[in-house]
Amino acid sequence: MRVDRRILRAAKHTVAGGTAVACVWAAAGFRTETREVDLSGGTAVEIELSGSSIRDLHPGAVQRTRVTVTNPFPFAITVRSVEARVASTSKRRCRPVAANLRVGSYLGTLPLSVPGRGRRTAGEFEVTMPNTVVDTCKKATFRLAFTATATRAYR
């Protein structure tokens, strides 16, 4: 896993309770990564997001990817937002742009409470391969980057 060292340095220098952001990506298989990111002077915490498989894309294809949030901490968290974007592709000449793959709006209910050391399905994103896709992108694997903001849930 490659992590931007500037982000980690910022995360290590924060103190106090606050908001956390987690970024991950999922491919045409079930794969996740996590990294710490600081937001507004709060303690950076690491949560995990994963997306379900996206297969057999072709021009006009519409699929949904389900997002799951995993909370590794002993306390509950409240997820406030979830976003997704196209991060990369498996083919060198296929650019990760909206003309080749579109990620729709978040389809789910927020805020979402995730219990300590628990996991919860957060919702879905609709992914569409438009008819404007270039030939080099047909049957490519697209990686999506998911971003979520969460806070510690206090009783």
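Guide: Buried means under 20% relative accessible area. This is a predicted model.

Visitor: OK. How many disulfides does the count come to?

Guide: The count comes to 1 disulfide. C94 is joined to C137, with an S to S distance of 1.8 Å.

Visitor: Which hand does the disulfide have, and why?

Guide: The disulfide is right-handed, because the torsion about the S-S bond of C94 and C137 is about 110°.

Visitor: And where do C94 and C137 sit in the chain?

Guide: In distant parts of it, 43 residues apart. C94 lies in the loop between β5 and β6 (102-107). C137 lies in the loop between β8 and β9.

Visitor: Is C137 buried or exposed?

Guide: C137 has a relative accessible area of 0%, so this cysteine is buried. C94 has 3%, so C94 is buried too.

Visitor: Switching to the core. Which residues touch the most other members of the largest nonpolar core?

Guide: V69, I77, V79, L101 and F142 do. That core has 30 residues.

Visitor: Which elements give two or more residues to this core?

Guide: Strands β4 (62-70), β5 (77-89), β7 (112-114), β8 (119-128) and β9 (142-152).

Visitor: Take I77. What is I77 in contact with, leaving aside neighbours within four places in sequence?

Guide: I47, V69 and N71, for a start. Then come L112, S113 and V114. A150, T151, R152 and A153 complete the list.

Visitor: Now the sheet. What is the order of the 4 strands in the open sheet?

Guide: The order is β3-β4-β8-β6, with antiparallel pairing. The edge strands are β3 (48-51) and β6, and each pairs on one side only.

Visitor: How are neighbouring strands of this sheet turned against each other?

Guide: By 30° on average, with direction ignored.

Visitor: How many bridges are there between β4 and β8?

Guide: β4 and β8 pair over 9 bridges, in the antiparallel sense. In this region T68 stands opposite T121 in β8.

Visitor: What about T70? Where is T70 found?

Guide: T70 is in strand β4.

Visitor: Does T70 count as buried or exposed?

Guide: T70 is at 16% relative accessibility, so this threonine counts as buried.

Visitor: Which side chain does the T70 side chain make a polar contact with?

Guide: The side chain of R119, at 3.4 Å. Leaving aside neighbours within four places in sequence, T70 is in contact with I47, E48, G118 and R119.

Conventions:
Residues numbered from 1 in each chain as written. Predicted model: local features only at pLDDT ≥ 70, side-chain atom pairs only at ≥ 80, totals over all residues. Heavy atoms only, no water. Core = buried A, V, L, I, M, F, W, Y, C linked by side-chain atoms within 4.5 Å. Buried < 20%, exposed > 50% of the residue type's maximum accessible area, 1.4 Å probe, protein only. Contact = heavy atoms within 4.5 Å. Disulfide = S-S within 2.5 Å. Polar contact = N/O pair within 3.5 Å; in protein donor to acceptor, adjacent residues only side chain to side chain. Pairing = 2+ DSSP bridges. Axes fitted to C-alpha atoms, helices over the stretch in contact; angles between N-to-C directions.
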